[in-house]
Amino acid sequence: MLKRLLISLFFVVPTVINSDEILSESKVFVEKLGQEVVEKVSNSSISDATRHENFKRLYLSTFDNYYISRFVLGRYWKTLDKNLQKQFVRSFNKYIVATYAPKFKGWEGTFKATDSLLENNYYNVKMDIVNKDGPTLKMMWKMYLNNNGEFKILDVNIDGVSMLVTQRAEFLSVIKNNPNGVKGLITAMEKKTGS
């Protein structure tokens, strides 16, 4: 009985410690990302081209853009052949960068992670975004650890609004109202990004 108890403690305690460490690391990860955004994207002294490239690098390296691309297309994803799926992912990534990179220009504020919870293998990191000249926003990052031990972001929730769900609703509306469906959406994104 004692042997079984010691064995179970040996295996349980490191898991709890490791889990706590990962929860702490998840908070550090989003705070570092926020700091990089301030230094490399919102910085007014850098050129728009540099801002664009920096945001692109941050987005592609920290977000699971393949999952996000699939999610925002919903049921339409499965109707596309592999080549059109790849084209959509490329166009979508360019669209996200072109849409959001300019919005950070000149933004001043701080990112402070307040809590991290593990739910169904996803880390939900709560954060306060303190604007220099505005209200504090409540944000939650949903992410997971990939096989390489790297955090990958799936969604950003700002004041209770999921950016992923919002983007999906917008895209599904475009697809529904465009006679060319997904191809029409791709054309619209490419037009906006000049590609």
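Buried means under 20% relative accessible area, exposed over 50% and partly exposed in between, with a 1.4 Å probe and protein chains only. The model here is predicted, so local features need pLDDT of at least 70 and side-chain atom pairs 80 or more, while totals for chains, interfaces and linings use all residues. Residues are numbered from 1 along each chain as its sequence is written, and side-chain values use heavy atoms, leaving out hydrogens and water.

**Exercise 1.** Classify the ring pair of Y66 and W77, and say how exposed each residue is.

*Solution.* Start with the rule: rings of Phe, Tyr and Trp (its six-membered ring) pair if their centres lie within 6.5 Å, and planes under 30 degrees apart are stacked, over 60 edge-to-face, the rest tilted. By this rule there are twelve aromatic pairs. For Y66 and W77, the centres are 5.6 Å apart and the planes at 90 degrees, giving edge-to-face. Next, place them: Y66 is in helix α3 and W77 in the loop between α3 and α4, so the pair ties together parts eleven residues apart in sequence. Finally, W77 is buried at 6%, whereas Y66 is partly exposed at 43%.

**Exercise 2.** Do the same for W107 and F111.

*Solution.* Their centres lie 5.3 Å apart with 55 degrees between the planes, a tilted pair. F111 has 17% relative accessibility and counts as buried.

**Exercise 3.** Find the charges that sit over the rings of Y122 and F71.

*Solution.* Recall the test: NZ of Lys or CZ of Arg within 6 Å of the ring centre and within 35 degrees of the ring normal. K142 sits over Y122, 4.6 Å from the ring centre. R168 lies over the face of F71, at 4.5 Å.

Key. Helix = DSSP H or I, 4+ residues; strand = E, 2+ residues; numbered from the N terminus.
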